[in-house]
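Colleague: I'm new to this structure and would love a close look at a single part of it. Could you walk me through one strand and its neighbours?

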Amino acid sequence: MDLMAQPKFLTDWDLGLLAAGTHYRGFESLGAHSAYTGESAGTRFAVWAPNADAVSVIGDFNDWDRSRHPLVNRGASGVWEGFVPGVGDGDLYKYSIASERHAYEAEKADPYAFACEAAPRTASKICDLEAYEWSDAKWMAERAARNRHDAPLAIYEVHLGSWMRVPQEGDRWLTYAELAPRLADYVEEMGFTHVELLPVTEHPFGGSWGYQTTGYFAPTSRFGGPRDFMALIDTLHQRGIGVVIDWAPAHFPDDPHGLARFDGTHLYEHMDPRIGRHPHWDTLVFNYGRAEVANFLVASAIFWCEKYHVDGIRVDAVASMLYRDYGRQDGEWIPNHAGGNENFEAIRFLQTFNEQVYGHFPDVMTMAEESTAWPQVTRPTSHGGIGFGFKWNMGWMHDTLAYMKLDPIYRKHHHNRLTFSMLYAFRENFLLPFSHDEVVHGKASLLEKMPGEEGQKFANLRLLYTYLYTHPGKKLMFMGGEFAQRAEWNHDRSLDWHLLELGSHRGVQRLVADLNRLYREKAALHQTDLDDRGFSWVDCQDWEASVVSFLRLGAVAAESLLVVCNFTPVVRDSYRLGVPRLGAWKELLNSDSEHYGGSNVGNQGLVEGEQIPFHGHAYSVRLTLPPLAAVVFESAEDSPEAQADQLDSRAG
């Protein structure tokens, strides 16, 4: 083949942007794309391999013969490209890469591939993404309002391979097509606003749960093809449910077909293992300071938002990116040029990621799993922040679970674990996560973390969930938690849906559905989630009784909810609390209700305010606090019925 006769599809402008690291739509140039030359239809291929001496495309169309379709080197850019006639949608391919200088020869999957061969096979697959026609125009038009900081955000975190399986067929997982109606029905019924999918990017090792990615532009083929995954998202959107994807730019595996030593050199990763390999996961670290590598990752994020209409990107393991000494002992890491442990290249990459995602799609969300006290994670990059929309509040999660694990008799000695979060609750835009990481590797399910006999375990869990939904911050719950999954999560088997035959598990499920409804309907619970004006302690000092009480306040001053949590198995009668209003206070929710499997201790739905000053308020109420339970009250003046009556009286 005359290589000089090969057409050039990438312009000098494309190559310049790639080299500069600013070709954020690089997925349109690199990879495999339909093309025409004269009267020939086929596919053009382009791959970045600057240290290769020869690159060819191999596939089922040429019997995997590297001599048949060599690619042309575009010079200093490091890009190789070429055209193969008669090749198209569904064909398998790889790149054969050779470097005499480095005594290297390998067959690599396409880093920009849109689809991959079904595991355990590793070839890339040509795929025309434009063939899918979306039907989610209404959702996309309304998305900005759904993703606002003052909107309700209650996320259901899902691992697609283990949410539900088909035991009649060898316990196989559901396909994207089978998941779409089932998942949409269930999430809609439960009242969650969004789902978050553990990484759907292609990955060779199922036990990584998707976090060891090889295909940054391809949904995993385990459950179907790219258009099937589009249809899943489309279905959820048509039912009013947003979709967040987990995205893992912190590390990647060293599988031979993947990015590691891609062209015979450490192209995507650092050469020195002190900065190029994660000791925790035995995986490789991206070289964020290399323009083409940072460009590759930012383009991946843009790609999922554009081509798959995702509504949010949750970035995994951000802490491991920010610190050069993450998970390392002295002598195992290299300081930055200033002698510190900050990873300046990773920081700039994350800032660019947020700037570009929000610049292209201002109505999506970005979220950081960041477990340290790094400042300004959710503040604008223009003010020195990293620019994320939300940050997981790992401190709140750890403190709360540590407190809840305690026998109630000892909780009074650890009361600060409940109250400490409010000292920093509004420093970032926080999301409160009970995620998959808390129910694996011997940590026990949330239910089994709870102390006491069977009934107390369920009561504690209902109390925990009510506290989650009334505490400032957006919400996330991992699948199974909503019906008190008893066993730890196992990625190789289905959730234990049969537990819903038992009343105690159904009760927890009903409570979560009602909490989602209450959270969505009451502005005071979501409108000021990220604003310190939306929260006020009534009493945070009753450590002896292990009770906390607080007000949640809406943007309109008149809107207020009273929340009281009793973390002991003792019924507390005539418990007086200060309130800002006289008149009746309506009990909106009681986690001890028999409807949820509780003992049905409560206030018969209503209490009357009294002109007795207490807790700095002019009025107070006397409550009955059910054991190991939370109760939520609303001033009768704030209820929809009262507001409607006021409107009617004004109209009269």
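Colleague: Which residue in β19 is the bridge partner of I245?

Modeller: Happy to help! This is a predicted model, in which local features need pLDDT of at least 70 and side-chain atom pairs count only at pLDDT 80 or more, while totals for chains, interfaces and linings use all residues. Residues are numbered from 1 along each chain as its sequence is written, and side-chain values use heavy atoms, with hydrogens and water left out.

To your question: the bridge partner of I245 in β19 is I313. Strand β19 covers residues 312-315 and pairs with β16 in the parallel sense over four bridges. Strands here are DSSP runs of E with at least two residues, numbered from the N terminus, and two of them pair if DSSP finds at least two bridges between them.

I245 also has a partner in another strand: L197 bridges to I245 of β16. L197 belongs to β13, residues 194-197, and β13 pairs with β16 in the parallel sense, again over four bridges.

Now for β16 itself, residues 242-247: six of its six residues are buried, so the strand is largely enclosed by the rest of the structure. Buried means under 20% relative accessible area, exposed over 50% and partly exposed in between, using a 1.4 Å probe and protein chains only. In a regular strand, side chains alternate between the two faces of the sheet. In β16, G242, V244 and D246 point one way, V243, I245 and W247 point the other way, and all are buried.
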